[in-house]
Amino acid sequence: MIEIQDLQKSFGDFRAVDGVSFSVEPGEVLGFLGPNGAGKSTTMRMITGFLTPTGGGVKVAGADVGADPIAAKRRIGYLPEGAPLYPDMTPRTLLEFIAEVRGVPASERRARIEKVVAQVHIAGVLDQRIDTLSKGFKRRVGLAQAIVHDPEILILDEPTDGLDPNQKHEVRQLIEEMSQDKVIILSTHILEEVEAVCSRAIIITHGKVVYDGTPQELKERSPSGRLDEVFREITTAAAPALG
Amino acid sequence: MKSTTTILKRELRGYFTTPVAYVFIVIFLLLTGILTFYMGGFFEREQADLAPFFFFHPWLYLILVPAISMRLWAEERKTGTIELLLTLPISTGQAVMGKFLAAWAFTAIALAATFPVWITVNVLGDPDNGVILAAYIGSLLMAGGYLAIGSCISAMTNNQVIAFVVSIVGCLLFILAGLPAVLDFFTGWAPQAVIDTVSSFSFMTHFNSISKGVIDLRDVIFYASLIGCFLLANTLILDAKKGE
């Protein structure tokens, strides 16, 4: 469903993504882990066509993101980092706009919007301006716009950032419900989250994949069975020696 | 086309859900009023036309249109919504076109709101309404030219102040292109053909003939190709920024 081949991205001299390859199939929930600045968001931005790779390529459902971006983008639902939303819109007008551009037929739009509004619990703020909403609500509106067209592929950059523990739990449940027939890639800093919702974990540091396997296997690598220890070990071992 | 319309609708609605539209229209009407009646000597001239009204448009737009265009892309970049917009299943060109057309439609609304001036001149005298209509069309075309330049410049930065100032300078060059100050820069070293070309880029030249009631196809083509070129550059800049 998603095939990533030797993906590279440089910003000037800095190699943000340095030869990342992996593929994801429907039913998989892929957790993208790594320290800040490891290249997680940059990779996601290349999958969604927001950034053009310096080298390598991404295929989404058979469509090459570089050659046929519109076909690829049509299959994807995307929550960008920080959940950017038009501040002067309301969740309702935003969802109507996204549903229309994403090609949800006019007759189904209302039902689709009602469904996602219930899924992410934003019915109470549907007609409030987005810039007056709390961080948690904004994140959930961002999530709603990512799923409003019922995409086959979901790319979620830190979907639970800024949510309280209950909201995090709800979002994880939502991801689990949707995972049956979708490809989901999510990035997170929260290791327990990977354990809770992901069927596969990729750890990326300095633009390179340093671990690709199940969260369970990852955990077993640590003598104490603690994910954060393995994470620290893997991500710091790969760091280049400092001067 | 359909996607362009959807973007256009969202954008245009955006002007009216923020104070931007109302502030802009009020200031625009206030300034056209002051310029027409005080500086333009509308009554003193005792002529039934809107020449003093249209005379100031190139200069008025120089300040006001960049105020509209500066936010087109710089704001999207600043708030990060550009990532939302450009990952939708639309081409960059459709996004550019949708935003531009919305801004243009908005300036058309502001321009239409000046209709009391038209009523005034019709009450006081018997003007040639064909000339007035032509001048309105010319004014709108010119606004489109300013907007396309401003939109293109806005795509280069995430700073609205920079977009505003650079757009003013960019548009000013197109106003001044016909004036000796700019042409002197070229005379002496550039061939006459270059000088003629530069002067033919002047907004003033193309606006003056239309505002006298002559809609020359060449003037229309000038504005259409100017808008087309800058929107194309705008699209290329956005695509190039993805690869940076």
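Select A:His121 to begin, in what is a predicted model, and look at how much of the residue reaches the surface: with a relative accessible area of 44%, A:His121 is partly exposed. If you follow the backbone on either side, you will find that this histidine sits in the loop that runs between α4 (106-120) and α5 (135-147) of chain A. The backbone itself deserves a look here, since the phi of A:His121 is near 55 degrees, which is a positive value in a residue other than glycine. For context, most residues other than glycine have a negative phi.

Next, move along the chain to A:Asp150, which belongs to the loop between α5 and β7 (153-157) of chain A. A:Asp150 is not a glycine, and yet its phi is positive, at about 50 degrees. Is A:Asp150 buried or partly exposed? Its relative accessibility is 46%, so A:Asp150 counts as partly exposed.

Now zoom out and select the whole of chain A, in which nine helices and ten strands can be traced. Turning the C-alpha trace onto its principal axes, you will see that it spans about 55 × 40 × 35 Å. The radius of gyration of chain A is 18 Å, and this agrees with the value near 18 Å that a compact globule of 243 residues would have. Colouring chain A by accessibility would bring out another feature, namely that 53% of its 243 residues count as buried. If you display contacts instead, and keep those in chain A with a separation of 6 or more, residues 24 or more positions apart account for 66% of them.

With the surface of chain A switched on, about 10400 Å² is exposed, and carbon and sulfur atoms supply 48% of that area. Selecting the charged side chains of chain A brings up 28 positive and 35 negative charges, and the mean positions of these two groups are 4 Å apart.

The last part of the tour concerns pairs of charges. Side chains of opposite charge can pair when their charged atoms come close. Across all chains, a search of the whole structure finds 20 salt bridges, and a few of them can be visited in turn.

Select A:Arg15 and A:Asp18 together, and you will find a salt bridge whose closest N and O atoms are 3.2 Å apart. A:Arg15 is partly exposed here, with a relative accessible area of 39%.

Then go to A:Glu81 and A:Arg45, whose side chains meet in a salt bridge at 3.7 Å, N to O. Because A:Glu81 lies in the loop between β6 (76-79) and α3 (91-101) of chain A, while A:Arg45 is in helix α1 (residues 40-47) of chain A, the pair ties together parts that are 36 residues apart in sequence. A:Glu81 counts as partly exposed at 37% relative accessibility, and A:Arg45 is also partly exposed, with a relative accessible area of 21%.

For another such pair, select A:Arg172 and A:Glu193, whose side chains form a salt bridge at 3.0 Å, N to O. This pair links distant parts of the chain, 21 residues apart, with A:Arg172 in helix α6 (residues 165-178) of chain A and A:Glu193 in helix α7 (residues 191-197) of chain A. Both A:Arg172 and A:Glu193 are buried.

Finish in chain B, where salt bridges that share partners join B:Arg10, B:Glu11, B:Glu76 and B:Lys99 into one network.

Key
Residues numbered from 1 in each chain as written. Chains lettered and ligands numbered in written order. Predicted model: local features only at pLDDT ≥ 70, side-chain atom pairs only at ≥ 80, totals over all residues. Heavy atoms only, no water. Helix = DSSP H or I, 4+ residues; strand = E, 2+ residues; numbered from the N terminus. Buried < 20%, exposed > 50% of the residue type's maximum accessible area, 1.4 Å probe, protein only. Rg over C-alpha atoms; globule rule 2.2 N^0.38 Å. Contact = heavy atoms within 4.5 Å. Areas by Shrake-Rupley, 256 points an atom, 1.4 Å probe, with all protein chains shown as cover. Lys, Arg positive; Asp, Glu negative; His and termini not counted. Charge placed at Lys NZ, Arg CZ, Asp CG, Glu CD. Salt bridge = Lys/Arg side-chain N within 4 Å of Asp/Glu carboxyl O.
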